[in-house]
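Visitor: Could you take me through one part of this model at close range? I would like to hear about a sheet and what surrounds it.

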Amino acid sequence: MDANQGVMNISVAKKSEENKAQGKTASTPDIFNKKLEAVYNSSPVISFLWMAEGEWPVESVSGNVIQLGYTPEEFLSGELLYGDIVHPDDFDRIHLEVKKHSEKKNTSYFSLNYRILTKTGEIRWVTERSFIKRDEEGNITHFQGIIIDNTELEKTERELLETGKKYKVIFESSPVGIIYFDENGLITHCNKSFSDIIGAHVKKIIGFSVLSSLSDEKLRNAVDVVFLGNPGYYEGEYISSISGKRMTIKANFTPVMDDDGSLLGGIGIMEDIAKSKKNEELINLNEMRLEALLKLYQMQDSPMHEIAEYAIRKAVELTNSKIGYLEILNESENVLETYQWPNDLRAYLPGNEETFMHPVRSTGFWGEAIRERKPVIVNTHYDSEHLDDIYPGTKEKMLRHITIPVLYNDQVVAVAGVANKRLEYDESDVRQLTLLLEGMWKLVQYKHTNEVLYEALRMRRVLESIMSSSPAIVFLWKPEHDWPVEFVSDNIEQFGYNVNDFLSGKIIYGDIIHPSDLQRVREGVERASKEGFSDFSQEYRILTKSGEVRWVDERTMLHYDEDGIVDYLQGIIVDITERKQANNFMRIECDLDNVLGKTAGLEQTFEKLLDFTLEAKSIDSGIIYVVDPITGDFDAAAYRGLSESFVTSLSHFGSNTLMSRLFTTGYPVYKYFYEINVMMHNENLDYEGLQAMAFIPVKFNDTLVAAIILGSHTELEIPANSRNLIETIANQVGIIISRMKKDSGAQKSKNNLNSLLDALDEMVFIMDIEGRILHINESLVRSLNYSEKDLEMKDFLMLYPEDWEDDVLSTLDEIMAGKSSTCEIPLVSREGILVPVKSKFTIGDWGGQDVLIAISSLITEPGA
């Protein structure tokens with residue numbers, strides 16, 4: 001230990017010092033020093049003796065400098081200066097710090113924090129603690145000290161600093177109010193949200209005592225428990241002791257404890273829940289109204305007095321009123337018929353058994369809504385001297401009331417009123433009553449007019465047919481991305497989901513919409529919202545929980561807030577999958593009829609029939625066979641979705657084979673593929689990968705004329721809906737074969753007639769009785785520049801100028817009546833050029849159907 005400097009100087013000395021020790025026997029102190037040096041070299045503390053010049057040449061350094069990747073010799077030889085390992089960004093700062101400490105005459109010690117570079121280039125933070133060595137004249141000659149690696153400490157400190165900044169940002173920008181109070185109950189920190197909620201400036205809040213200055217006893221109790229080490233909670237109305245502001249809040253208080261269990265203070269978090277309470281009440285009201293409308297719809301067969309009683313009871317509940325009434329206006333007698341009074345007022349009615357009637361002109365404020373044809377709201381305070389009688393001769397008074405007229409075809413048909421709500425009535429009450437009464441009036445119409453009765457019965461049958469298998473599901477959606485669900489009726493279980501799946505947020509409504517339809521549904525909702533629609537409907541696909549695809553019809557109502565922004569959507573979805581499938585089935589049948597009328601031969605017909613059949617769900621392959629009428633053998637005529645080798649194996653089989661017996665039963669047979677493979681004794685057809693097969697016999701006049709084999713590579717069995725479709729198509733195949741054989745001669749004649757028409761110089765077009773063009777000849781193609789494809793099955797009026805349509809139709813009526821057979825109305829080319837012609841019309845036959853044949857000759861000279 002250097003007594004003058006107070007620093008243990010165990011280091012690697014220069015060569016001159018080593019030479020002095022050479023050749024001498026090691027003494028006991030030398031052995032001790034070597035052991036001490038070994039301990040020191042394994043220490044994280046590295047000692048240095050620097051010369052007080054330039055970039056600090058090193059005169060002595062401990063051996064553990066090797067921890068930085070350097071050897072002592074690199075410094076002692078002058079190959080490295082200490083300044084060489086100092087981080088370039090810290091070098092100038094260290095120079096200034098060392099200079100500043102050196103210039104202080106009374107300073108002999110200093111400490112620095114900076115970065116150094118290891119030999120591998122790694123950056124390490126170190127703390128240097130050095131003594132200043134001076135000569136006899138007071139000049140600085142050396143710095144002797146140590147450096148300690150504190151990289152991890154520096155990193156931790158910086159992370160703590162960053163974390164503190166983040167928590168400060170969270171504290172200041174939090175949407176909820178936050179305060180911190182100390183162990184004495186004084187508020188020391190407060191964010192802006194808390195200031196906004198309380199309605200006071202932050203400066204007024206800081207220093208406020210939550211122990212002694214809170215006037216609200218319940219809130220004070222919630223705070224007091226914090227000082228006992230427990231959390232506190234309060235929810236309810238509160239009047240601020242600082243600002244006097246009245247509000248509805250939710251507050252949580254939590255103690256902050258030291259490591260030794262002592263109380264440091266507490267944190268308070270406060271929310272203003274007045275708006276959310278109001279929204280919650282509004283949502284509940286809308287849910288109640290939706291349920292009431294559904295209930296009213298289910299009461300179609302109920303007596304009128306039950307419908308009225310239920311409607312007015314729900315009107316009273318929806319508006320939080322005490323009393324209410326419903327009256328139907330009889331325009332022919334100019335009276336009001338009172339069908340329903342609240343139960344507690346019936347004693348005041350003159351005659352409970354019969355409908356009470358009175359003229360409109362004698363009515364009071366409820367008659368005002370009829371005369372003005374708009375809702376009337378009266379909010380009279382309890383201290384008012386002008387309290388209206390609810391009805392002549394009754395004791396009940398109306399303190400506040402609202403009256404709603406129900407209009408139909410610009411006529412007031414009913415009026416309803418509610419009264420004595422604790423708070424004032426507003427437009428929200430008007431909306432709730434109006435929507436409820438509109439739903440009720442649909443039932444009134446059902447009861448009072450034969451026309452509406454018939455329509456209601458018809459709609460009821462249609463709806464009952466649909467709803468029997470897919471009842472309506474009620475939803476309430478948030479107007480956010482992909483519509484989070486706030487309410488859904490229990491019958492959502494028909495799609496495999498439960499109510500909690502949606503209400504918990506685990507699933508939002510957009511998650512169950514088919515990905516291919518989701519963007520279209522988004523655009524539909526966005527368009528309805530932007531254009532201010534009150535309601536809209538759309539059809540799309542959804543996915544059940546098991547992954548099944550179902551079509552739904554959605555009927556949605558949009559609710560707007562006071563700023564005209566949609567604040568929620570409420571609606572009903574109905575499963576229309578069966579209807580969609582029925583429509584697709586009818587389309588296929590219609591397309592099938594079109595194919596039958598246009599195919600050129602039996603082989604082409606079979607191919608198209610097979611294509612249509614493969615549109616059935618889960619069916620992806622098939623073969624059509626023709627049965628030889630003499631031998632009864634089966635020969636493949638067309639196939640789809642199967643390998644050549646598989647088709648070759650089944651392209652022909654005799655009338656007495658196992659395969660033929662699957663058809664000769666006369667009924668469709670549905671089998672698993674492995675059952676069929678077992679029947680093929682000589683071949684193994686597993687390579688085809690089929691799962692299910694169907695064997696469909698095709699008959700005409702009870703004679704087997706063809707057969708169809710269908711297969712699925714994906715399903716174990718053919719679904720029921722697909723079976724209905726393929727059996728319907730099979731019924732047509734027998735008719736096709738018979739008709740095509742019968743018509744083969746007629747087709748030849750028709751082809752010959754086409755050739756004859758094409759040889760004519762006159763333009764010829766043939767149309768059916770409905771005016772659709774069936775055929776044109778080559779002369780018309782050349783003269784008017786139309787192709788046969790352009791005009792096929794198009795309206796014949798395309799060939800005439802638009803301004804002449806009335807003349808053409810008038811002339812056609814005369815021709816059909818036998819009064820005329822010619823006309824000189826010009827035709828028009830594809831380019832819009834008029835072509836003067838003289839046309840003769842004849843009624844004839846074309847392929848077995850009645851047609852009108854027009855033969856048009858060009859007029860080369862006027863009057864020709």
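Guide: Happily; here is a walk through the sheet, its helix and a salt bridge.

This is a predicted model, in which local features need pLDDT of at least 70 and side-chain atom pairs count only at pLDDT 80 or more, while totals for chains, interfaces and linings use all residues. Residues are numbered from 1 along each chain as its sequence is written, and side-chain values use heavy atoms, without hydrogens and water.

Five strands make up an open sheet, ordered 7-6-10-9-8, with antiparallel pairing. Strands (E, at least two residues) and helices (H or I, at least four) are DSSP runs numbered from the N terminus, and two strands pair if DSSP finds at least two bridges between them. Strand 7 (187-190) and strand 8 (232-239) are the edges; each has a single partner strand, so one side of each lacks a neighbour in the sheet. From one strand to the next, the twist averages 25 degrees.

Further in, strand 6 (residues 177-182) pairs with strand 10 (residues 263-272) over six bridges, in the antiparallel sense. There, Asp182 sits opposite Gly265 of strand 10. Helix 9 (residues 217-224) packs on the sheet and touches strand 8 and strand 9 (246-257), its direction making about 155 degrees with that of strand 8. Contact here means heavy atoms within 4.5 Å; axes are lines fitted to C-alpha atoms, for helices over the stretch in contact, with angles from 0 to 180 degrees between N-to-C directions.

Finally, Glu271 forms a salt bridge with Lys250, their closest N and O atoms 3.9 Å apart (a side-chain nitrogen of Lys or Arg within 4 Å of a carboxyl oxygen of Asp or Glu). The pair joins distant parts of the chain, Glu271 in strand 10 and Lys250 in strand 9, 21 residues apart.
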